[in-house]
Structure formats: structure tokens, C-alpha cells
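Student: I am new to this structure and would be grateful for a close look at a single part of it. Please begin with one residue and its surroundings, and then place that part within the whole.

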Amino acid sequence: KAPVEVRAVPTFIQDGAPNGYYNRAALDGSRPAIYYINLKDTAEWPKFGLPTLTYHEGIPGHHLHLSLQQETDLPMIRRASFLSAYGEGWALYAELLAKEMGVYENDPIGEIGYLQSALFRSGRLVVDTGLHAMGWSREKAIATMRSIDGSPETAAATEIERYCVWPGQACSYMVGKLTWVRLREKAKAALGDKFDIRAFHDAGLQSGSTPLTVLESVIDAYIARAKG
């Protein structure tokens, strides 16, 4: 039910901010959710990337899962929590879900943005691991990121500096997405004709942010209920 607004990243933080991010609505309804886009240098952020970013940050991504979480009767600590592997995993899964829904069928340029996002995510896995497991320098990580996704040096530097101070966060996106996809396939295999993707999503989202092992328990319980 929460509204969402699109705003530019404030100029005083845009140099260190990512290209886009989401702030959930206030729990008391006093402020809407905000989807921020960084306009520091629009040459770094071509329009063809905006649809995929919007599905990630808006609906069916963060705005959907975080708003639903806040509107449940869960304990406050769970309504207000955010676990990266669960939440970013869902948002990355939401990018895939949007494609499966056919949003790019008449938008080949938008589909290029989807593929560019996939390159960006793969690059994040490499440089996060390189920095924190292999001791790479900042400069090597920037060069590697650019060689994978073709991003401008300034954009790559902003991302790498974010990863330097947040070990494992970039990897958590893909770990979470792969878990959501695996659990969906698990439910499909177990339920056959009884599988309903809407019920699967309801089960996973209405639990609120959980560790991925708990999410699997939630989906197992959904499977047992759906089997009757």
C-alpha cells in the first residue's frame, strides 16, 4: 500500500552513492518510499539501464518486498529488518521475474540493459572475491570491473570503494538470487500441477527478511501445505 517516489540522489552524497538505491517508507506512514537515481553524470547511466534498475528497486523488487514486510503483523524487529542475501537476492530475482513476465518483448534496447545488469552482477562477484579473499588492490579491482562490464572509470571506482568497506555484500546478491531460483524449482518439482507462483511468492515474502536457511524452511512448509 505504501506509495513510492522517484528522486535524484542529493548532490552532497552523489559522488559516493551508487547509480540507484531504495529507501523504504516510514513505518508510521509519514514518508513515502523513495527510489533514488544518481544524476551526477548521466553519461554513466544510459536510459536503456533504467527499466531493469526500476524492476530491481521498485516493483517487483525492493518496494514490493519491503512494503509487504512492513504491512504484516510480524514482530517489529522483523518488519524493520533487512538481510542482504534475502532482500538483494529477491530484488535480483525480481529482475529475472520481470523478464519472464515479457517486459522486454517489444523493448530490445531495454533487454540490452537487462544483459548489462547481468554483466555488472558477474563483475561484482569477481571483484568482491578478489578484494577480500585474494588481496587485490583498489586499482586492480577497478580495472577488472571495467573489463567485465565496460563501465566508465568513475562509475567503477564508486562501486569498488563501496565493496572495499562492505565485504561480501556484492556476493550476497547472487547467493540470494540463486537460492530463490533453486527454491522455486524445488517447489515446482514437488508440487507439479499444484504449483502456483503467486502462492510461492506470498510464502517467501510474507515471512519477512530471514536468513536463507530459514527461507528454505518457510518454502518447505509452503510445499507441505500446498500438497494437502
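Tutor: Leaving out residues up to four places away in sequence, H63 touches A2, P3, V4, Y22, A33, E57 and G58. The model is a predicted one, and the description that follows should be read in that light. Among these neighbours, A2 has a polar link to the histidine: the side chain of H63 reaches the backbone oxygen of A2 at 2.9 Å. H63 has a relative accessible area of 5%, and because buried means under 20%, this residue counts as buried.

H63 belongs to helix α2, which spans residues 62-70. Seven of the nine residues of α2 are buried, so the helix is mostly covered. The buried ones are H62, H63, H65, L66, S67, Q69 and Q70.

P3, one of the residues that H63 touches, is also a contact of P32. P32 sits in the loop between β2 (20-23) and β3 (33-37). With neighbours within four places in sequence set aside, the contacts of P32 are P3, E5, R7, R24 and A25. P32 has a relative accessible area of 16% and is buried.

From P32 one may turn to another part of the chain. P32 and R184 are 152 residues apart along the chain, and their C-alpha atoms are separated by 31 Å. R184 falls within the range of helix α8, residues 169-191, a helix that also holds W180.

W180 is a useful guide to this second region. At 0% relative accessibility, W180 is buried. Apart from neighbours within four places in sequence, W180 is in contact with Y86, G89, W90, Y93, F200, G204, L205 and L215. One of these, F200, is likewise buried, with a relative accessible area of 0%.

A search of the whole structure finds 10 aromatic pairs. In the pair formed by W180 and F200, the ring centres are 6.3 Å apart and the planes stand at 90°, so the arrangement is edge-to-face. W180 lies in α8 and F200 in helix α9 (residues 197-205), so this pair ties together parts that are 20 residues apart in sequence. Both rings belong to one aromatic cluster, formed by Y86, W90, Y93, W180, F195, F200 and Y222. Elsewhere, R124 lies over the face of Y173, at 4.1 Å from the ring centre.

W180 and F200 also appear in the largest nonpolar core, which has 21 residues. Those with the most contacts inside this core are Y93, W180, F200, L215, I219 and Y222. Helices α4 (84-100), α8, α9 and α10 (212-227) each supply at least two of its residues. The largest share, six residues, comes from α4. Apart from this core lies another, of 12 residues, including A141, I142, A156 and A157.

A last point concerns the cysteines. The structure has zero disulfides. C164 is in no disulfide, and the nearest cysteine sulfur, that of C171, is 13 Å away. A disulfide requires sulfur atoms within 2.5 Å, so a separation of 13 Å does not qualify. C171 is likewise in no disulfide, its nearest cysteine sulfur being that of C164. C164 is partly exposed, at 32% relative accessibility.

How values were computed: Residues are numbered from 1 along each chain as its sequence is written. This is a predicted model: local features need pLDDT of at least 70, side-chain atom pairs count only at pLDDT 80 or more; totals for chains, interfaces and linings use all residues. Side-chain values use heavy atoms; hydrogens and water are left out. Rings of Phe, Tyr and Trp (its six-membered ring) pair if their centres lie within 6.5 Å; planes under 30 degrees apart count as stacked, over 60 as edge-to-face and the rest as tilted. Helices (H or I, at least four residues) and strands (E, at least two) are DSSP runs, numbered from the N terminus. Buried means under 20% relative accessible area, exposed over 50%, partly exposed in between (1.4 Å probe, protein chains only). A charge sits over a ring if NZ of Lys or CZ of Arg is within 6 Å of the ring centre and within 35 degrees of the ring normal. A polar contact is a pair of N or O atoms within 3.5 Å; within protein, one must be able to donate a hydrogen and the other to accept it, and residues adjacent in sequence count only if both atoms are side-chain atoms. Contact means heavy atoms within 4.5 Å. A nonpolar core is a set of buried Ala, Val, Leu, Ile, Met, Phe, Trp, Tyr and Cys residues joined through side-chain atoms within 4.5 Å.
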